[in-house]
Amino acid sequence: MSTVSVKLAEATKLRLNRLAANQGVSAHSLMVDAIESALSNAEEHSAFVADALRARKQVVASGQVIEGKAFGDYLRARARGLKAARPKARRLDSLLPRSG
């Protein structure tokens, strides 16, 4: 395991020590847990954004989407344990308001 030195503002160090004492853990343990948590959150966020960008690319390429209200109705029915047919994808331009 490698060692990393972190410079903290005095107020931050006091908060860290107080919280660690309140939780009955060392400041070191609290910092390690906080870093692990921050890294996990950042990785999950990055994966979420990458998934959203892939989905957007797929919509742009296919022009096909599932209308939001129909999909919401489908999910609500399934959550209630009812059988429901998954809504069919439609052309995005068919869901947009007509101008003119």
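**Salt bridges and surface residues: a friendly walk-through**

Lys69 is exposed, with 55% relative accessible area, in a model that is predicted.

Trainee: Which residues are linked with Lys69 in a network of salt bridges?
Mentor: Let's start with Asp73, which pairs with Lys69 at 2.9 Å between the closest N and O atoms. Asp73 also forms a salt bridge with Arg76, where the closest N and O atoms are 2.8 Å apart. Lys69 is therefore in a network of salt bridges with Asp73 and Arg76.

Trainee: How far along helix H3 are Asp73 and Lys69 separated?
Mentor: Helix H3 covers residues 68-79, and these two residues sit four apart in it. Because of that spacing, their separation is about one helical turn.

Trainee: Is Asp73 buried, partly exposed or exposed?
Mentor: Buried needs under 20% relative accessible area, and exposed needs over 50%. Asp73 has 34%, so the class is partly exposed.

Trainee: Which residue meets Asp51 in a salt bridge?
Mentor: Look in helix H2, three residues from Asp51, about one turn of the helix. The partner there is exposed, with a relative accessible area of 53%. Its side chain meets that of Asp51 at 2.2 Å, N to O, and the residue is Arg54.

Trainee: How many salt bridges does the count come to?
Mentor: Among them are the pair of Asp51 and Arg54 and the pair of Asp73 and Lys69. The count comes to four.

Trainee: How far apart in space are Phe48 and Arg80, C-alpha to C-alpha?
Mentor: Phe48 belongs to helix H2, residues 27-62. In sequence, Phe48 and Arg80 are 32 residues apart. In space, their C-alpha to C-alpha distance is 27 Å.

Terms used: Residues are numbered from 1 along each chain as its sequence is written. This is a predicted model: local features need pLDDT of at least 70, side-chain atom pairs count only at pLDDT 80 or more; totals for chains, interfaces and linings use all residues. Side-chain values use heavy atoms; hydrogens and water are left out. Buried means under 20% relative accessible area, exposed over 50%, partly exposed in between (1.4 Å probe, protein chains only).
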